[in-house]
Amino acid sequence: MDFEQRLQRAIQRGQKQKEERGREQAALVMSEDDLRQLHNAARLDLSDRIEQGLKKIADHFPGFDYQSVMDDGWGGRISRDDFSIRRGTKANLYSRLEMVVRPFSDAHIVELKAKGTIRNKEVISRNHFQFLKDLDLETYAELIEVWLLEYAEKYSSETNL
């Protein structure tokens with residue numbers, strides 16, 4: 001076998017290796033349906049955690065009402081109205097905490113969003129996202145817990161219980 005034949009075989013082997021790597025990478029890439037299913041599973045898990053946490057806060061602070069959220073994403077909110085009378089003037093004081101998982105998008109991310117208001121003043125505004133291919137639900141579970149605790153601490157420090 002001369003050099004030219006060996007060179008042709010080496011080139012063919014290299015091309016086969018390249019094709020195999022391409023097939024392997026294609027198998028690793030998730031389809032749009034797979035990504036959508038992964039997002040839905042994450043959304044269900046996270047919205048359950050949100051609901052449980054918000055209901056616990058509502059149990060500890062009487063007057064808060066829980067509502068499910070399904071418009072700007074999936075999750076929940078707690079809210080309450082208080083009235084304040086100072087020097088003859090009445091004021092409506094609104095407190096609320098809302099946490100949602102945003103809908104599936106072309107960005108292929110899971111986005112968690114939280115907004116909290118205490119007595120008409122925004123005290124928490126948080127966003128966190130991860131790409132679906134790198135999804136770690138434990139990170140989200142910890143964030144939900146931390147944001148809930150942060151709100152509860154701020155609420156208890158700024159109100160008369």
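**Exercise 1. Locate H108 and N120, and describe their backbone and exposure.**

Step 1. H108 sits in the loop between β3 and β4. Strands here are DSSP runs of E with at least two residues, helices are runs of H or I with at least four, and both are numbered from the N terminus.

Step 2. The phi of H108 is positive, about 55 degrees, although H108 is not a glycine.

Step 3. H108 has a relative accessible area of 22%, so it is partly exposed. The classes are buried (under 20% relative accessible area), exposed (over 50%) and partly exposed (in between), with a 1.4 Å probe and protein chains only.

Step 4. N120 lies in the loop between β4 and β5. Its phi is also positive, near 70 degrees, and N120 is a residue other than glycine. With 47% relative accessibility, N120 counts as partly exposed.

A note on the source: this is a predicted model, in which local features need pLDDT of at least 70 and side-chain atom pairs count only at pLDDT 80 or more, while totals for chains, interfaces and linings use all residues. Residues are numbered from 1 along each chain as its sequence is written, and side-chain values use heavy atoms, with hydrogens and water left out.

**Exercise 2. Describe the overall architecture and dimensions of the protein.**

Step 1. Count the elements. There are three helices and five strands. Along the sequence they follow the pattern α-α-β-β-β-β-β-α.

Step 2. Take the box. Along the principal axes, the C-alpha atoms fill roughly 105 × 20 × 20 Å.

Step 3. Check the radius of gyration, which is taken over C-alpha atoms. The protein has 26 Å, whereas a compact globule of 161 residues would have a value near 15 Å. The globule rule is 2.2 Å times the number of residues to the power 0.38.

Step 4. Take one pair of residues. E4 and V69 are 65 residues apart along the chain, and their C-alpha atoms are separated by 69 Å. E4 is found in helix α1. At 44% relative accessibility, E4 is partly exposed.

Step 5. Add the surface. The accessible area is about 10900 Å², and 47% of it belongs to carbon and sulfur atoms. Areas come from the Shrake-Rupley method with a 1.4 Å probe; for residues, only the protein chains shown count as cover. Of the 161 residues, 32% count as buried.

Step 6. Look at contact range. Among contacts with a separation of 6 or more, 49% join residues 24 or more positions apart. Contact means heavy atoms within 4.5 Å.

**Exercise 3. Which residues have the most contacts inside the largest nonpolar core, and which elements build it?**

Step 1. The core has 29 residues, and L112 and Y151 have the most contacts inside it. A nonpolar core is a set of buried Ala, Val, Leu, Ile, Met, Phe, Trp, Tyr and Cys residues joined through side-chain atoms within 4.5 Å.

Step 2. Two or more residues come from each of α2 (32-60), β3 (89-101), β4 (109-118), β5 (121-131) and α3 (137-158). The largest share, eight residues, comes from α3.

Step 3. List the neighbours of Y151. Leaving out residues up to four places away in sequence, Y151 touches F64, S95, R96, L97, G116, T117, I118, V123 and I124.

Step 4. Set this in context. In soluble globular proteins, nonpolar side chains tend to be buried together.

**Exercise 4. Find the nonpolar surface patch and place I11.**

Step 1. F3, L7 and I11 make a nonpolar patch of about 290 Å². Patch residues have over 30% relative accessible area and no salt bridge; like charges are joined within 9 Å, nonpolar side chains (Val, Leu, Ile, Met, Phe, Trp, Tyr) within 5 Å.

Step 2. I11 belongs to helix α1 (residues 3-28). Its relative accessibility is 39%, so I11 counts as partly exposed.

**Exercise 5. Analyse the salt bridges.**

Step 1. The structure holds 13 salt bridges. Each needs a side-chain nitrogen of Lys or Arg within 4 Å of a carboxyl oxygen of Asp or Glu.

Step 2. E51 pairs with K55, with the closest N and O atoms 2.8 Å apart. The two are four residues apart in helix α2, so about one helical turn separates them. E51 is partly exposed at 26%, and K55 is partly exposed at 36%.

Step 3. K154 pairs with E150 at 3.6 Å between the closest N and O atoms. These residues are four apart in helix α3, again about one helical turn.

Step 4. R102 and E111 meet at 3.8 Å, N to O. A network of salt bridges links D72, R102, E111 and K113.
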